Amino acid sequence: MISALTHAARLARAAFVFAREGVFGVVDPSLVPPPGQLALRMARLIERRGAKSGPRLSRALTRLGPAYLKLGQFLATRPDVVGVVMARDLESLQDRLPPFAQAEAEAVVAAALEKPVAQAFTSFGPAVAAASIAQVHRGEVEKDGVRKQVAVKVLRPNVASRFRRDLSDFFFVANKAEAHSAEARRLRLVEVINTMSRSVAMEMDLRLEAAALSEMAENTRDDPDFRVPTVDWDRTTHNVLTMEWIDGIALNDHARLAQSHVDLPELGRKVIQSFLRHALRDGFFHADMHPGNLFLDKSGRLVAVDFGIMGRLGLKERRFLAEILLGFITRDYRRVAEVHFEAGYVPSHHSVENFAQAIRAIGEPIHNRTAEEISMAKLLTLLLEVTGLFDMQTRPELILLQKTMVVVEGVARSFDPKLDIWTVADPVVREWITQNLGPMGRMQGAVAGAGELGRLLAGLPALASRTVALIEQFETMSREGLALGPDTIAEIKRAEARSHRWSILALWVIAAALVGLLWTTH
């Protein structure tokens with residue numbers, strides 16, 4: 001009860017801030033039950049003057065603090081939850097806050113590195129950027145007599161406790177919503193907050209961001225168009241991340257790009273194809289690729305920064321993505337529908353033909369048009385409508401991927417308004433499909449399967465030995481009449497579980513042998 005009252009008090013404060021900033025003024029009263037309409041009218045009475053102008057929700061979230069700011073940014077990637085219009089509004093939400101004091105930053109660095117700042121860095125300048133979780137300083141290090149510029153990311157003091165408190169409020173709301181709303185259960189609101197919670201937890205351990213940088217550096221080592229900053233592991237801890245300083249041109253600095261005579265259409269192609277390679281080839285992609293996080297270095301390569309939000313796709317999701325993209329490119333809407341059913345995303349009681357018809361309604365408007373005529377917002381709206389119509393449960397990893405694709409396309413088309421994402425994506429998608437779904441990919445899958453079977457067979461003698469020993473123990477117990485105490489009963493249960501696993505493994509081996517026999521006879 002006390003916990004519920006605490007949540008209610010903090011949420012009431014949030015509602016007051018929303019009301020003051022005019023957020024409830026954008027809600028359509030006709031969509032709200034009568035008691036809610038009365039509450040809306042009362043909320044409108046306390047709007048402050050001037051609240052009707054500008055981005056109301058962004059102002060409110062910024063006033064409520066880091067966790068709400070991060071929630072708004074996260075929900076911008078989930079149009080299936082907040083709607084396309086709201087998601088587009090939240091895209092403009094800037095994660096910018098006043099920097100905390102230089103002395104505090106230096107204290108965090110000194111404590112984290114266990115040495116004075118002057119010993120760790122040749123120079124340590126004031127903050128050049130500040131966000132809800134951390135801020136970035138420009139510094140210098142010296143190694144072997146050579147000075148090198150670095151970027152030092154420093155976690156805000158006490159930010160973790162503030163996030164934990166506000167996240168508990170978000171979980172309270174999500175649980176109540178799922179308890180009373182079927183639509184909330186379909187959207188899996190608790191899982192939405194869980195995903196955000198995991199994402200924020202990773203962002204607040206800067207070692208994990210450094211690890212993401214390192215992993216992507218390995219994945220893209222041979223890419224001609226893309227790289228990431230190198231990590232200075234000696235000056236990186238939970239609260240501090242030190243990396244190479246990037247002197248390139250930010251992709252949101254169109255004036256400098258024009259002055260440097262950059263081939264803008266080619267730059268747009270690099271952005272699209274680099275992202276698709278990461279998503280399809282590696283299953284690991286930068287999920288916050290707005291122009292401020294992308295730079296063009298002197299060699300003409302893209303450099304990405306800020307690896308706090310990353311996306312992962314398993315092989316199943318990558319196959320799904322590749323076949324979906326190819327299906328839209330080739331206008332094979334039947335195959336696009338079948339892929340949804342094969343992946344288990346759409347319940348089997350629905351009709352493949354009806355789903356293919358709905359997919360055609362999405363795909364046809366984007367063909368035979370120039371890029372500037374295609375409304376990605378309208379396309380996204382149709383996709384979300386189809387998702388609800390065919391009971392397709394929310395897939396957070398696919399929604400994040402889909403939203404990132406929209407952002408990436410927007411960045412690319414800012415350099416080439418006539419860019420056609422489908423034409424640019426085609427070679428990357430086909431290459432991945434040839435390598436993974438063609439004959440070579442099947443052979444590689446067979447080799448991987450053979451390796452798994454080999455490991456299984458190698459473990460069978462040990463399993464058989466343990467089973468024999470178990471049987472001997474039972475015979476001894478039966479012959480000598482041992483008492484079955486609590487410990488003995490627990491051991492029997494564990495033994496039965498092991499025996500059951502052995503039986504299942506034996507059945508798999510027999511099945512594999514039969515398949516092999518049938519294969520050789522044909």
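This report describes the predicted model of one protein chain, from its overall make-up to its strands, surface and salt bridges.

## Overall make-up

The protein chain has 522 residues, of which 44% count as buried. Its secondary structure comes to 22 helices and 10 strands, and the sections below take up some of these elements by their labels.

Contacts across the sequence give a further view of the fold. Among the contacts in the protein chain with a separation of 6 or more, 67% are accounted for by residues 24 or more positions apart. Toward the outside, the chain exposes about 27,800 Å², and carbon and sulfur atoms supply 59% of that area.

## The four-stranded sheet

Strands of a sheet pair through backbone hydrogen bonds, and the pairing may be either parallel or antiparallel. In this model, an open sheet of 4 strands follows the order E4-E9-E8-E6, and its pairing is mixed. At the edges stand strand E4 (226–227) and strand E6 (249–250), each of which pairs on one side only.

Strand E8 (residues 294–296) and strand E9 (residues 302–304) run antiparallel and are joined by 3 bridges. One residue pair shows how the two strands are matched: Leu294 has Ala304 in E9 as its bridge partner. Helix H14 (residues 264–282) lies across E4, E8 and E9, and the helix runs at about 50° to E9.

## A hairpin and the loop after it

Strand E1 (residues 123–130) pairs with strand E2 (residues 134–143) in the antiparallel sense, and 5 bridges hold the pairing. These two strands form a hairpin, with 3 residues between E1 and E2. Within this pairing, the bridge partner of Ser123 is Glu140 in E2.

The loop between E2 and strand E3 (146–155) contains Asp144. This residue has a positive phi of about 55°, although Asp144 is not a glycine. With a relative accessible area of 73%, Asp144 is exposed.

## A second positive phi

Another residue other than glycine with a positive phi is Asp306, for which the value is near 60°. Asp306 is found in the loop between E9 and strand E10 (310–312), and E9 has already been met as a member of the open sheet. At 28% relative accessibility, Asp306 counts as partly exposed, because the partly exposed class lies between the limits of under 20% for buried and over 50% for exposed.

## A nonpolar patch on the surface

Where does the surface carry a nonpolar patch, and which residues make it? The patch covers about 520 Å² and is made by Phe16, Leu38, Met42, Leu45 and Ile46. One of these residues, Leu38, lies in helix H2 (residues 34–44), and Leu38 is partly exposed, with a relative accessible area of 45%.

## Salt bridges

The structure holds 30 salt bridges, and three of the pairs are described here. In one of them, Asp169 is joined to Arg10, with the closest N and O atoms 2.8 Å apart. This pair links distant parts of the chain, since Asp169 belongs to helix H9 (residues 159–180) and Arg10 to helix H1 (residues 2–20), 159 residues apart. The two partners are placed in unlike surroundings: Asp169 counts as buried at 0% relative accessibility, whereas Arg10 counts as partly exposed at 25%.

A further salt bridge is formed by Glu215 and Arg312, whose closest N and O atoms are 2.7 Å apart. Glu215 lies in helix H12 (residues 206–219) and Arg312 in strand E10, so this pair ties together parts that are 97 residues apart in sequence. Glu215 counts as partly exposed, at 27% relative accessibility.

## A network of charged residues

The side chains of Arg335 and Glu323 also meet in a salt bridge, at 2.9 Å from N to O. Because Arg335 lies in helix H16 (residues 333–342) and Glu323 in helix H15 (residues 315–330), the pair ties together parts that are 12 residues apart in sequence. Arg335 is partly exposed, with a relative accessible area of 22%.

Both residues also belong to a network of salt bridges, in which Glu323, Arg334, Arg335, Glu338, Glu342 and Glu353 are linked.

Conventions. Residues numbered from 1 in each chain as written. Predicted model: local features only at pLDDT ≥ 70, side-chain atom pairs only at ≥ 80, totals over all residues. Heavy atoms only, no water. Pairing = 2+ DSSP bridges. Contact = heavy atoms within 4.5 Å. Axes fitted to C-alpha atoms, helices over the stretch in contact; angles between N-to-C directions. Patch = residues over 30% accessible without salt bridge, like charges linked within 9 Å, V, L, I, M, F, W, Y side chains within 5 Å. Areas by Shrake-Rupley, 256 points an atom, 1.4 Å probe, with all protein chains shown as cover. Salt bridge = Lys/Arg side-chain N within 4 Å of Asp/Glu carboxyl O. Buried < 20%, exposed > 50% of the residue type's maximum accessible area, 1.4 Å probe, protein only.
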